[in-house]
Amino acid sequence: APAASDDHKGGGGAGGIPLGLDQVTVVDEPAVAQRVVANILAMDRAATLHAVDTEVADIDVKAVGPVGNGRVTCFTIYSGPETRYLGG
């Protein structure tokens with residue numbers, strides 16, 4: 001299976017990929033991450049807004065905040081419905 005894809009197969013809903021996940025790009029290799037970052041940096045900065053979320057582990061959120069603490073387990077970025085991070 002590819003490490004990343006903008007073109008997941010399957011339909012939304014029962015028996016297929018859950019709604020919306022057919023448009024998710026999964027990146028789990030450094031070389032693919034570098035391609036995605038290059039594509040993001042090439043976007044029109046004045047016309048593109050990005051929403052970013054991270055999930056962290058190994059942290060006591062009651063004692064410290066997530067910035068600079070813990071270990072990032074997931075990084076999610078959304079740049080609009082037309083964005084294809086791998087150019088597809």
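## Exercises on a predicted α-β-β chain

Along its sequence, the protein chain runs in the order α-β-β. The model is predicted, so to speak of local features a pLDDT of at least 70 is needed, side-chain atom pairs count only at pLDDT 80 or more, and totals for chains, interfaces and linings use all residues. Residues are numbered from 1 along each chain as its sequence is written, and side-chain values use heavy atoms, with hydrogens and water left out.

**Exercise 1. Take stock of the fold and its surface.**

Step 1. Count the elements. The protein chain holds one helix and two strands. These are DSSP runs, numbered from the N terminus: helices are H or I with at least four residues, strands are E with at least two.

Step 2. Check burial. Of 88 residues, 17% are buried. Buried means under 20% relative accessible area, exposed means over 50%, and partly exposed lies in between (1.4 Å probe, protein chains only).

Step 3. Look at contacts (heavy atoms within 4.5 Å). Take those with a separation of 6 or more: 43% of them join residues 24 or more positions apart.

Step 4. Read the surface. The protein chain exposes about 6600 Å², and 57% of that comes from carbon and sulfur atoms. The areas come from the Shrake-Rupley method with a 1.4 Å probe; for residues, only the protein chains shown count as cover.

**Exercise 2. Locate the salt bridge and describe its two partners.**

Step 1. Apply the criterion: a side-chain nitrogen of Lys or Arg within 4 Å of a carboxyl oxygen of Asp or Glu. The whole structure yields one salt bridge.

Step 2. Name the pair. Arg71 bridges to Asp58, with the closest N and O atoms 2.9 Å apart.

Step 3. Place the pair. Arg71 sits in strand β2 (residues 71-78), while Asp58 is in the loop between β1 (51-57) and β2. The two are 13 residues apart and link distant parts of the chain.

Step 4. Classify each partner. Arg71 is partly exposed because its relative accessibility is 44%. Asp58 is exposed because its value is 59%.

**Exercise 3. Is Thr83 buried or exposed, and which backbone oxygen lies 2.9 Å from its side chain?**

Step 1. Find Thr83 in the segment after β2.

Step 2. Compare the area with the cut-off. Thr83 has a relative accessible area of 16%, so Thr83 is buried.

Step 3. Identify the neighbor. A polar atom of the Thr83 side chain lies 2.9 Å from the backbone oxygen of Ser79.

Key
A polar contact is a pair of N or O atoms within 3.5 Å; within protein, one must be able to donate a hydrogen and the other to accept it, and residues adjacent in sequence count only if both atoms are side-chain atoms.
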